[in-house]
Structures are given as structure tokens and as C-alpha cells.
Amino acid sequence: MGRALAATTLVTPLGPGPLRGPGAAEVLELRPGAVAWDASGTITYVGPPEGLPAEDPEWFEGCTISPGFVDCHTHLPFVGWRADEFEARLAGTTYRDQAGGGGIRRSARLLAEASDEEVLAFSRPLLAEMLAHGTTALELKTGYGGSVQGELRQARLARRLAAEAPQACRVTLLAAHAVPEGMTREDWVRAACEELIPAAAAEGLADAVDVYVEDIAFSIADLEAVAAAAASAGLPLRCHADQLGPSGAAEAAAALGARSADHLNHVSEAGIAALGAGTTAAVLLPTSTMLLRATPPPVDALLAAGAVAALATDCNPGTSAVASMPEAIAVGCALYGLTPNEALLAATANAARVLDLDRTHGRLAPGAEADLLVLEGDGFRHVPYRPGHDPVVRTIVGGEVVWGR
Ligand code: NIG
Ligand code: FE
């Protein structure tokens with residue numbers, strides 16, 4: 001293949017993330033548009049086709065070129081599904097009720113029982129599914145390790161997947177997700193801070209540290225303790241915040257300078273104000289809201305306050321068995337009220353910011369990585385308009401076609 005594409009439409013955020021506030025969702029839309037890149041996979045040109053240097057572009061009539069999607073919140077690698085829990089919730093149980101051997105601890109047991117090869121064999125097709133749905137960069141997380149050694153093992157498996165995947169991957173140590181069986185919360189937080197985080201950092205296994213703050217999980221004091229350990233290890237903080245109920249986690253995460261506060265279904269007024277004023281991104285996870293049949297977050301208020309909004313799948317076996325960013329974008333628009341351009345920005349430039357990939361990913365511009373998509377339809381609005389339809393005609397990573405039909 002040549003190193004230039006042209007299509008009826010090209011869309012891209014105008015600048016690198018973070019993009020926020022009035023006018024943030026203004027995107028560059030060229031009709032027609034073209035992009036070219038060099039042999040090293042770096043974009044050299046974005047503009048009208050007639051301005052292309054030398055190269056004759058491959059032409060996609062009726063299609064849209066966009067940056068690759070950045071899925072900035074997933075729980076891969078994991079092994080095993082929990083569809084029975086989804087069905088039980090539809091019959092009246094709640095996610096909070098993790099009794100009876102279900103929930104996060106169940107995924108931890110499944111991970112502990114599986115061999116490394118079994119975990120990789122389960123996770124690989126999900127990364128391939130992501131590629132086919134346009135995800136060119138993503139986060140992998142631990143949190144199902146169930147012990148210090150188990151967490152380190154899951155982080156090593158994440159690094160192995162990252163090494164073989166075409167996508168750019170970042171690994172987050174979800175050091176506080178569920179209290180391991182047979183331990184108290186205090187003991188686990190101490191082990192996470194004193195053993196797990198330093199060991200993961202020393203081995204180069206993590207790019208960030210995450211905490212699940214919830215009345216059924218960890219407290220704000222635990223978040224502060226983990227934040228201190230992460231800071232000593234030189235790792236940025238992320239936080240599962242206000243998902244099932246209000247806990248003050250969003251404002252606490254913002255006060256700690258966290259890279260992101262994720263979920264936010266029950267974010268408080270103070271949390272909205274803190275995310276609007278600070279640099280902590282608001283990561284929206286609409287498919288987990290949909291599948292838990294939960295209350296959506298106050299997205300309009302977050303955007304009006306000036307929050308940096310990112311969008312991700314939360315791909316995990318408990319609350320969001322979704323690997324498709326087009327699906328997250330569709331639900332983000334239909335359930336959260338994002339405009340297609342706001343969703344585009346949240347799924348690219350701002351998501352790249354969350355993963356510290358904003359210099360190279362999340363937009364089409366000279367100097368950025370040639371990670372791009374050819375999408376069906378003559379505008380980005382076609383992606384949320386047809387939920388359940390796979391709009392990706394071609395996925396290109398580093399200038400190479402890695403998926404196409
Ligand atoms: O982001 N709620 C916390 N963590 C995940 C779910 C993990 C699980 O149920 O396995 C989430 O929704
Ligand atoms: Fe999550």
C-alpha cells in the first residue's frame with residue numbers, strides 16, 4: 001500500500017488533549033480530506049487531496065478518515081466471562097451484592113486457576129476485536145491478581161500482551177480493587193503500598209496506579225495512602241470514582257492531582273467543580289452504565305464546568321463486556337448526550353491525554369503517529385448513528401494496515 005489515503009471526509013481534533021470548555025468540540029472537518037505519512041509511520045500531511053506531496057492516494061468514496069480510537073480504560077488481561085451474573089442482575093440482584101462467589105473475586109479466582117498461556121489465549125482475541133473496531137491504543141489494567149504476587153503476574157501478562165499487540169499499550173496497576181480473600185482491607189492497603197507498588201515500579205511493570213473507591217471497596221483514606229505510594233514510585237494516579245454511590249472520590253482524586261477520575265455516575269457538585277477547574281480528566285464509561293442499568297453521570301454539568309472528558313469501554317467481565325469503541329461512542333451519545341464531535345474528541349485526543357500519549361496519538365497532524373481509521377459514512381456522526389454496526393473499513397497503526405475489509 002502507498003502511504004497516502006483520501007476520503008470524502010476527514011475529521012480530527014484540532015489540537016492535542018486536553019481539550020475542554022466552550023469550543024472544545026470544534027473538530028477539523030475536510031471534505032474531501034487526505035493524509036500522508038513517511039516510511040517511519042509518522043504523519044507528514046493532513047489537508048485537501050490536491051495538496052498531497054507526490055504520493056497518489058488510495059481513495060475511499062463515501063468514507064471518513066479519523067484518528068484511531070484510544071481506549072483509555074480497560075480491565076484486560078482477564079480470563080473467563082460472568083454472563084450468569086449479568087443475567088442474575090436482570091432478574092433482580094445488584095452489582096453491590098458480590099456474595100455467593102461472584103464479582104471481582106471470582107475473576108481473581110479464574111485468573112489464579114488459569115495458566116499464563118490460558119490468560120493470553122483468552123485476552124488476545126479481545127485485543128484483535130478492539131483492532132477491528134478501530135482501537136489503536138489502549139490501557140491494560142491489573143486488579144484481578146488477588147495477592148501481591150498475583151498482581152505482579154497480571155502486570156507481567158499485560159506487558160506480554162502489550163509487546164505482541166500492534167496497538168500502543170499502557171499498563172495500570174489497579175492496586176486496590178477488591179480485598180483479597182482472607183485479608184483485611186487495612187492489611188491489603190499496607191501490602192499494596194509497601195510491597196506491590198514499589199515492586200511493580202522496580203520491575204517497570206506499571207505506567208500508572210488506580211484505586212477503586214466505593215463503600216464496598218476502598219476509602220478516600222486508602223486512596224490517599226495509595227496516592228502517596230504511587231508518587232514515591234513516580235507513577236501517576238487514576239481513580240474509579242463515584243460509580244455505585246457518592247463517596248467524594250472525584251474531588252479527592254482531583255486534589256491529589258490524579259490523571260483521571262473514572263465512571264462518575266454519582267459525582268458531587270464539589271467533584272464537578274474540581275474536575276472543571278483541575279487537570280484530572282473525567283473518564284466516561286457509558287457501556288458499564290448501560291449494562292448495570294445505572295444512573296448516568298451529570299455529563300452536561302461536567303462539560304459546562306470545563307472538565308476534560310474522555311470516553312472508554314471499561315472492557316471487563318463484570319460490568320462491561322464490551323471491546324468496541326464505536327459501541328462506547330454510540331452509547332455515549334445516546335445515553336450521555338454527547339454530540340458526535342464531543343464523543344470523537346473524548347475517544348481520541350482526550351483519551352490519549354489520560355494515557356500520556358497525547359504527543360503522538362489522538363489526532364491527525366504532521367508529526368503524530370500514522371494511527372488512523374477509514375470509517376463507513378461521509379461523517380463521524382455515522383458511528384453513533386448505527387449502534388451495533390461495525391463502521392471500521394480499515395485500521396492503520398504506525399502507517400501499516402493492521403485490519404481491513
Ligand atoms: O470498572 N467496579 C469496579 N471495577 C470494574 C468492574 C470489575 C468487575 O466487576 O470485574 C468496573 O466497572
Ligand atoms: Fe473499570
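Two strands are said to pair if DSSP finds at least two bridges between them. The exercises below apply this rule, and others, to a predicted model.

**Exercise 1. The open sheet**

Determine in which order the strands of the open sheet are arranged, and which strands stand at its edges.

*Solution.*
Step 1. Following the pairing from strand to strand gives the order S6-S7-S8-S9-S10-S11-S12-S13, an open sheet of eight strands. The pairing in this sheet is parallel.
Step 2. Strand S6 (69-71) and strand S13 (309-311) each have a single partner strand, so one side of each is left without a neighbour in the sheet. These two strands therefore stand at the edges.
Step 3. On average, neighbouring strands of this sheet are turned by 25 degrees against each other, with direction ignored.
Step 4. One pair within the order serves as an example: strand S10 (residues 237-241) and strand S11 (residues 260-263) are joined in the parallel sense by four bridges. Arg 238 has Ser 260 in S11 as its bridge partner.

**Exercise 2. The partners of strand S1**

Strand S1 comprises residues 4-13. State with which strands S1 pairs and in which sense, and decide whether its residues are buried or exposed.

*Solution.*
Step 1. S1 pairs with strand S3 (residues 33-37) in the antiparallel sense, over four bridges. Here Ala 4 has Ala 36 in S3 as its bridge partner.
Step 2. S1 also runs antiparallel to strand S2 (residues 27-30), again with four bridges. Within this pair, Val 11 is matched with Glu 29 in S2.
Step 3. With strand S5 (residues 58-67), the pairing of S1 is parallel and has five bridges. Leu 5 is found opposite Glu 58 in S5.
Step 4. A residue counts as buried under 20% relative accessible area. By this criterion 10 of the 10 residues of S1 are buried, so the strand is largely enclosed by the rest of the structure.

**Exercise 3. The iron site**

Identify which residues coordinate the iron ion (ligand 2), and describe how these donors are spaced along the chain.

*Solution.*
Step 1. The coordinating atoms belong to His 73 (NE2), His 75 (NE2), His 240 (NE2) and Asp 314 (OD). Their distances from the iron ion are 2.0 to 2.3 Å.
Step 2. Along the chain, the donors follow the spacing H-x1-H-x164-H-x73-D.
Step 3. For two of the donors, accessibility can be added. His 73 has a relative accessible area of 0% and is therefore buried. His 75 is at 3% relative accessibility, so this residue also counts as buried.

**Exercise 4. Two helix pairs**

Classify the packing of helix H5 (residues 185-202) against helix H6 (residues 220-232), and that of helix H11 (residues 325-334) against helix H12 (residues 340-347).

*Solution.*
Step 1. Two packed helices are described by the angle between their axes and the distance between the axes.
Step 2. The axes of H5 and H6 lie 9 Å apart, and the angle is about 10 degrees. Angles under 35 degrees count as roughly parallel, so H5 is roughly parallel to H6.
Step 3. The residues that meet include Arg 185 and Val 189 of H5, and Asp 222 and Ala 225 of H6.
Step 4. The axes of H11 and H12 come within 9 Å and cross at roughly 135 degrees. H11 and H12 are therefore oblique to each other.
Step 5. The crossing of H11 and H12 is right-handed. Met 325, Ile 329 and Cys 333 of H11 make the contact with Pro 340, Ala 343 and Ala 347 of H12.

**Exercise 5. Backbone details in the loops**

State where the cis peptide bonds before Pro 18 and Pro 32 occur, and describe the setting of Leu 264 and Asp 356, which have positive phi values.

*Solution.*
Step 1. The bond from Gly 17 to Pro 18 is cis, with omega near 5 degrees. Pro 18 belongs to the loop between S1 and S2.
Step 2. The bond from Arg 31 to Pro 32 is likewise cis, with omega near -5 degrees. Pro 32 belongs to the loop between S2 and S3.
Step 3. Leu 264 is not a glycine, yet its phi is positive, at about 70 degrees. Leu 264 occupies the loop between S11 and helix H8 (269-277), and is buried, with 0% relative accessible area.
Step 4. Asp 356 has phi near 60 degrees and lies in the loop between helix H13 (349-354) and strand S14 (372-376). At 28% relative accessibility, Asp 356 counts as partly exposed.

Technical notes
Residues numbered from 1 in each chain as written. Chains lettered and ligands numbered in written order. Predicted model: local features only at pLDDT ≥ 70, side-chain atom pairs only at ≥ 80, totals over all residues. Heavy atoms only, no water. Donors = N, O, S within 2.8 Å, 3.2 Å for Na, K, Ca; no water. Buried < 20%, exposed > 50% of the residue type's maximum accessible area, 1.4 Å probe, protein only. Axes fitted to C-alpha atoms, helices over the stretch in contact; angles between N-to-C directions. Parallel < 35°, antiparallel > 145°, perpendicular 65-115°, else oblique. Left-handed = near helix turned anticlockwise from the far one by under 90°. Contact = heavy atoms within 4.5 Å.
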